[in-house]
Every structure is written in structure tokens, then in C-alpha cells.
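Subject: Structure handover

Hi,

Here is the structure you asked about. Please open it next to this note; my findings follow below.

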Amino acid sequence: MLNKNKSFLVALLWTLLVTFLSLVSIRRLLGIGDSIHLANKDKIVHFIFYLVMVILWMYYFSKVQIANKGLKIVLGAILYGIVMEICQEVFTTYRTADILDVIANSSGTLSGFFLYKTIKTKK
């Protein structure tokens, strides 16, 4: 298992990756088209990004003594997702804020929290 410093670094790097991918267009950056045609695939990606992000932060904070850490992580991730949507609208010309993305982010957040708790309880 990862020690406290490594688990922090992994969670932070994942969060930075989510931030980067939320604010850039990879297809535009690489000059490629959309080769995978799947309905609502961006919502699936949002869900997975936030599910993994919350699991990583829950793992890190399991090694740190903080009151109500689960609630703080969930609320922080939901707020972060909302802020990312606002940033897409305000700071980019090729992305727009989408309430369905906020719902996907929040669903991934809650799923990550409950999945982590379920796995932790079974151990």
C-alpha cells in the first residue's frame, strides 16, 4: 500500500489531470477527430474521473485525522466539479458549462465515496 506522502501525490496528480482535461480539448490539442461514437460518453468520463478522484482522496485522508473527512471530501469534490464547469464557460471558447456534467461529476463523487466505504468495511 502507498504511504501517506505517495497517496497524497497520487491524489493530487489525479486532481490536476482532471483539471487539465476539464479545461482543454484533447482532440483540438492533438488535431484529431472524434473516433469513438458513444452516446453520452463525456458523462461516463466525468463520472469515472470523479469516482477515482474521491477514492484517491478518501484513501489519503484515511491516514489523516480530520473530523467529518468523508463529508468534506464529497462536498469539496462536488464544489470542485461545479467550479470546473464555470471555468469551462468563462475561460475557454471551446467548452461550455453543462448541468448534466455537474450531475455526472456528483454521481461519480457519491459512487466513489460509497464504493470506498464498502470496500473499507469488507476489509
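Start with Trp57 and Tyr60. Both sit in helix H3 (residues 41-61), 3 residues apart, about one turn of the helix. Their rings form an edge-to-face aromatic pair, 6.0 Å centre to centre, with 85° between the planes. Both residues are buried. Please keep in mind that this is a predicted model.

Aromatic pairs

The structure holds 8 aromatic pairs. Ring pairs also link Phe8, Trp57, Tyr60 and Phe61 into a cluster. Another pair is Phe113 with Phe114. The ring centres of Phe113 and Phe114 are 5.1 Å apart and the planes stand at 75°, so this pair is edge-to-face. Are these two rings buried or exposed? Phe113 has a relative accessible area of 16%, so it counts as buried. Phe114 is at 52%, so it counts as exposed.

Overall fold

The secondary structure comes to 5 helices and 0 strands. From the N terminus on, the order is α-α-α-α-α. The chain has 123 residues, and 33% of them count as buried. Take the contacts between residues at least 6 apart in sequence: 76% of them join residues at least 24 apart. The chain exposes about 8,000 Å², and carbon and sulfur atoms supply 70% of that area.

Nonpolar core

In soluble globular proteins, nonpolar side chains tend to be buried together. Here, the largest nonpolar core has 19 residues. Those with the most contacts inside it are Tyr50, Met53, Val54, Trp57, Met58 and Tyr80. Which elements give two or more residues to this core? They are H1, H3, helix H4 (69-91) and H5. H3 supplies the largest share, 8 residues. Met53 is worth a look. Leaving aside neighbours within four places in sequence, Met53 is in contact with Trp14, Thr15, Ala77 and Tyr80.

Salt bridges

Side chains of opposite charge can pair when their charged atoms come close. A search of the whole structure finds 3 salt bridges. Lys43 takes part in the following ones:

- Asp42 and Lys43 meet at 2.7 Å, N to O.
- Lys43 and Asp98 meet at 2.9 Å, N to O. This pair links distant parts of the chain: Lys43 is in helix H3 and Asp98 is in the loop between H4 and H5, 55 residues apart.
- Asp101 and Lys43 have their closest N and O atoms 2.8 Å apart. Asp101 lies in helix H5 and Lys43 in helix H3, so this pair ties together parts that are 58 residues apart in sequence.

Salt bridges that share partners join Asp42, Lys43, Asp98 and Asp101 into one network. How accessible are the members? Both Asp101 and Lys43 are buried. The relative accessible area of Lys43 is 15%; buried means under 20%, so Lys43 qualifies. Asp42 is partly exposed, at 33%. Asp98 is also partly exposed, at 25%.

Surface and backbone

Which residues make the nonpolar surface patch of about 430 Å²? They are Phe8, Leu9, Leu12, Leu13 and Leu16. Leu13 lies in helix H1 (residues 4-23). Phe8 also belongs to the ring cluster with Trp57, Tyr60 and Phe61.

Two leucines in H5 can be checked next. Leu115 lies in helix H5 (residues 99-122). Its relative accessible area is 37%, so Leu115 is partly exposed. The C-alpha atoms of Leu115 and Ile55 are separated by 7.9 Å, with their positions 60 residues apart along the chain. Leu110 is in helix H5 as well. At 38% relative accessibility, Leu110 counts as partly exposed. The C-alpha atoms of Leu110 and Leu75 are separated by 9.6 Å, and the two are 35 residues apart along the chain.

One backbone angle to check is at Asn68. Most residues other than glycine have a negative phi. Asn68 has a positive phi of about 55°, although it is not a glycine. Asn68 is found in the loop between H3 and H4. Its relative accessibility is 56%, so Asn68 counts as exposed.

Best wishes

Technical notes:
Residues are numbered from 1 along each chain as its sequence is written. This is a predicted model: local features need pLDDT of at least 70, side-chain atom pairs count only at pLDDT 80 or more; totals for chains, interfaces and linings use all residues. Side-chain values use heavy atoms; hydrogens and water are left out. Patches are made of residues with over 30% relative accessible area and no salt bridge: like charges are joined within 9 Å, nonpolar side chains (Val, Leu, Ile, Met, Phe, Trp, Tyr) within 5 Å. Accessible areas come from the Shrake-Rupley method with a 1.4 Å probe; for residues, only the protein chains shown count as cover. A salt bridge is a side-chain nitrogen of Lys or Arg within 4 Å of a carboxyl oxygen of Asp or Glu. Helices (H or I, at least four residues) and strands (E, at least two) are DSSP runs, numbered from the N terminus. Buried means under 20% relative accessible area, exposed over 50%, partly exposed in between (1.4 Å probe, protein chains only). Rings of Phe, Tyr and Trp (its six-membered ring) pair if their centres lie within 6.5 Å; planes under 30 degrees apart count as stacked, over 60 as edge-to-face and the rest as tilted. A nonpolar core is a set of buried Ala, Val, Leu, Ile, Met, Phe, Trp, Tyr and Cys residues joined through side-chain atoms within 4.5 Å. Contact means heavy atoms within 4.5 Å.
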